[in-house]
Amino acid sequence: MRLANVAPVARGARVGSSDPTRAVAANGTRAPPRRTASFDPPGRGERGRTVVRRNTPAGVGRKADDPLGVFRLEYDVSQDEKHRPKTWKPTITVAVSGAAGQISNHLLFKIASGSVFGADQPVILRLLGSERSRTALEGVSMELEDCLFPLLREVDIGIDARTVFAGADWALLIGAKPRGPGMERGDLLEMNGKIFVEQGKALNDVAKPTCKVIVVGNPCNTNALIALSHAPNLDPKNFHALTKLDENRAKCQLAIKAGVFYETVTNVAIWGNHSTTQVPDFVNAKIDGKKATDVITDREWLESDFTPAIQTRGGLLIKKWGRSSAASTAVSIADHIRNLVNPTAPGDFFSSAVLSNGNPYGIPDGLCYSFPCRSKGDGSYEIVQGLEINDWLRERMDKSAEELVNEKGCVGSLFGDAHLDEFDIQCPVDLDDTLLPGEM
Ligand SMILES: NC(=O)C1=CN([C@@H]2O[C@H](COP(=O)(O)OP(=O)(O)OC[C@H]3O[C@@H](n4cnc5c(N)ncnc54)[C@H](OP(=O)(O)O)[C@@H]3O)[C@@H](O)[C@H]2O)C=CC1
Ligand SMILES: O=C([O-])CC(=O)C(=O)O
């Protein structure tokens with residue numbers, strides 16, 4: 001296999017038994033060499049031979065379709081197996097877009113450390129950037145290598161979604177353009193929507209049909225819907241938009257109000273859009289196993305303080321920080337993945353925006369809407385049935401659904417044919433109430 005390595009420690013180093021890029025794993029075994037790899041097909045290198053090319057200039061030893069790798073190694077990958085603990089699961093490939101952005105800067109290191117997919121789950125990271133982020137992406141790879149994570153088997157960087165998403169088991173779609181000065185909401189929908197048309201098509205063509213897709217780039221619900229509509233080869237149930245951050249925010253505020261540690265707060269559903277119309281559900285929430293409304297009896301606070309605080313918390317954070325949530329978003333993406341790869345605790349649930357088709361809560365089909373979900377721990381999920389929907393919730397859940405219908409109408413031309421029924425919705429003239437949490 002031909003490999004590119006951007007870590008300075010590997011420059012000029014021969015990959016052998018004294019390879020300084022090998023770490024001592026927690027169990028005392030020597031970890032394998034990390035590999036920051038090109039996308040060249042495997043099997044090119046002479047077995048057992050290590051070749052290091054330094055600072056390969058463009059055009060020398062580099063094909064036009066090469067990714068960004070600057071330093072490259074070739075070595076016998078069969079050596080890898082000797083250093084792989086027998087208890088490890090088969091390696092998975094995790095593709096991440098917006099990999100040079102703020103959220104990824106927190107998330108990638110969690111994934112590589114084993115704290116997301118598990119301490120026995122080796123990963124290949126595939127990082128998608130753009131011309132803008134070429135060198136930044138190399139920097140990210142260098143930092144990943146310098147961490148000596150035993151479970152990180154390979155890091156690939158590239159700017160072509162079709163190459164980066166090849167064989168992906170998971171695709172974390174974080175990259176999206178933030179709204180700029182003077183830009184209308186409709187412009188943002190249209191502009192970011194186009195990214196997800198291309199990425200949906202790329203996933204369809206090259207990702208594993210079982211690939212799980214988590215869309216984070218805003219407006220994430222509609223972006224996820226656009227992506228899945230271009231990916232008929234993938235199971236539409238495997239597309240998620242992130243609302244776990246909203247759930248975490250809600251749990252924390254309920255815990256503070258109740259004067260309890262936040263781990264005792266469970267069963268907090270976020271309904272609807274990741275926007276200011278989202279509905280953080282205190283009606284079904286539990287605190288220490290009791291109904292949250294029996295523990296926090298101040299209804300006025302729940303309806304008029306707690307609810308808008310969660311709906312607009314992203315915006316408050318932007319005001320204070322000068323940028324949007326990055327660390328807490330990364331943590332919530334990690335939580336979201338853990339929610340899917342571990343069985344949900346009995347009686348509990350987590351929030352995820354998923355395809356609404358056939359949902360038991362009367363939300364129209366064809367939307368990416370946040371529901372309470374449960375997982376068996378195999379990466380799949382089901383929408384939890386039978387939650388109490390009182391008039392207060394119903395009115396707000398429907399309003400959020402209506403907002404998603406409008407968003408869908410505004411970018412109707414971006415939808416593909418897959419998984420969605422025909423729809424005929426006009427873009428409403430006034431989109432003032434379709435705000436992201438970061439827009440006030
Ligand atoms: N769902 C949720 O709960 C949350 C969602 N978000 C959203 O996550 C997204 C990323 O946030 P964050 O990491 O902080 O942002 P950053 O600005 O730090 O990074 C975003 C990345 O997106 C890529 N990008 C920007 N414009 C485009 C474009 N036109 N086409 C393709 N890619 C583009 C850039 O990477 P490159 O140049 O390499 O393409 C950039 O590195 C935002 O949309 C944000 O609103 C944030 C917080 C919470
Ligand atoms: O609003 C934004 O831009 C960031 C975001 O989604 C959040 O913090 O929830």
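Biologist: Where in the chain is the place of N267?

Modeller: N267 sits in the loop between β11 (265-266) and β12 (269-271). Helices (H or I, at least four residues) and strands (E, at least two) are DSSP runs, numbered from the N terminus. This is a predicted model, in which local features need pLDDT of at least 70 and side-chain atom pairs count only at pLDDT 80 or more, while totals for chains, interfaces and linings use all residues. Residues are numbered from 1 along each chain as its sequence is written, chains are lettered from A and ligands numbered from 1 in the order in which they are written, and side-chain values use heavy atoms, with hydrogens and water left out.

Biologist: How should I read the phi of N267, and is the residue buried or exposed?

Modeller: Most residues other than glycine have a negative phi, and most peptide bonds are trans. N267 has a positive phi of about 55° and is not a glycine. Buried means under 20% relative accessible area, exposed over 50%, and partly exposed in between (1.4 Å probe, protein chains only). N267 is at 5%, so it counts as buried.

D288 also has a positive phi, near 55°, and is a residue other than glycine. D288 is found in the loop between β14 (286-287) and β15 (290-291). D288 counts as exposed because its relative accessibility is 52%.

Biologist: Which peptide bond is cis, with omega near -10°?

Modeller: The bond from N218 to P219. P219 belongs to the loop between β9 (212-215) and α6.

Biologist: Why is α6 described as largely enclosed?

Modeller: Helix α6 (residues 220-229) is largely enclosed by the rest of the structure because 10 of its 10 residues are buried. Among them are C220, N223, L225 and S229.

Biologist: How do I find parts that are far apart in sequence but meet in space?

Modeller: Look for contacts, meaning heavy atoms within 4.5 Å. Take G347, in the loop between α11 (327-341) and β16 (350-355). Leaving aside neighbours within four places in sequence, G347 is in contact with N267 and R374. G347 and N267 are 80 residues apart in sequence, and their C-alpha atoms are 8.0 Å apart. G347 counts as exposed, because its relative accessibility is 57%.

Another case is L245, in helix α7 (residues 244-258). Not counting residues up to four places away in sequence, L245 touches S325, S328, T329 and S332. The C-alpha atoms of L245 and V331 are 8.1 Å apart, with their positions 86 residues apart along the chain. L245 is buried, at a relative accessible area of 6%.

Biologist: How do I recognise a nonpolar core?

Modeller: In soluble globular proteins, nonpolar side chains tend to be buried together. A nonpolar core here is a set of buried Ala, Val, Leu, Ile, Met, Phe, Trp, Tyr and Cys residues joined through side-chain atoms within 4.5 Å. The largest has 71 residues, of which V94, L127 and L144 touch the most other members. Helix α2 (residues 102-113) gives the most to this core, 6 residues. Another core lies apart from it, with 35 residues, including A168, L203, V411 and F415.

Biologist: How many disulfides does the structure hold?

Modeller: A disulfide is a covalent bond between the sulfur atoms of two cysteines. The criterion is a pair of cysteine sulfur atoms within 2.5 Å, and the structure holds 0 disulfides. Of the cysteines, C211 counts as buried, at 0% relative accessibility, and C373 is also buried, at 0%.

Biologist: Which residues come nearest to ligand 1?

Modeller: A residue is near a molecule if one of its heavy atoms lies within 4 Å of it. Of the 24 residues around ligand 1, Q102, S130, R132, S133 and N218 come nearest. For polar contacts with the ligand, look for a pair of N or O atoms within 3.5 Å. An N or O atom in the side chain of S130 is 2.8 Å from an oxygen atom of ligand 1. For I103, a backbone N or O atom lies 3.1 Å from a ligand oxygen atom, and for H274 a polar side-chain atom lies 3.3 Å from one.

Note on methods
Polar contact = N/O pair within 3.5 Å; in protein donor to acceptor, adjacent residues only side chain to side chain.
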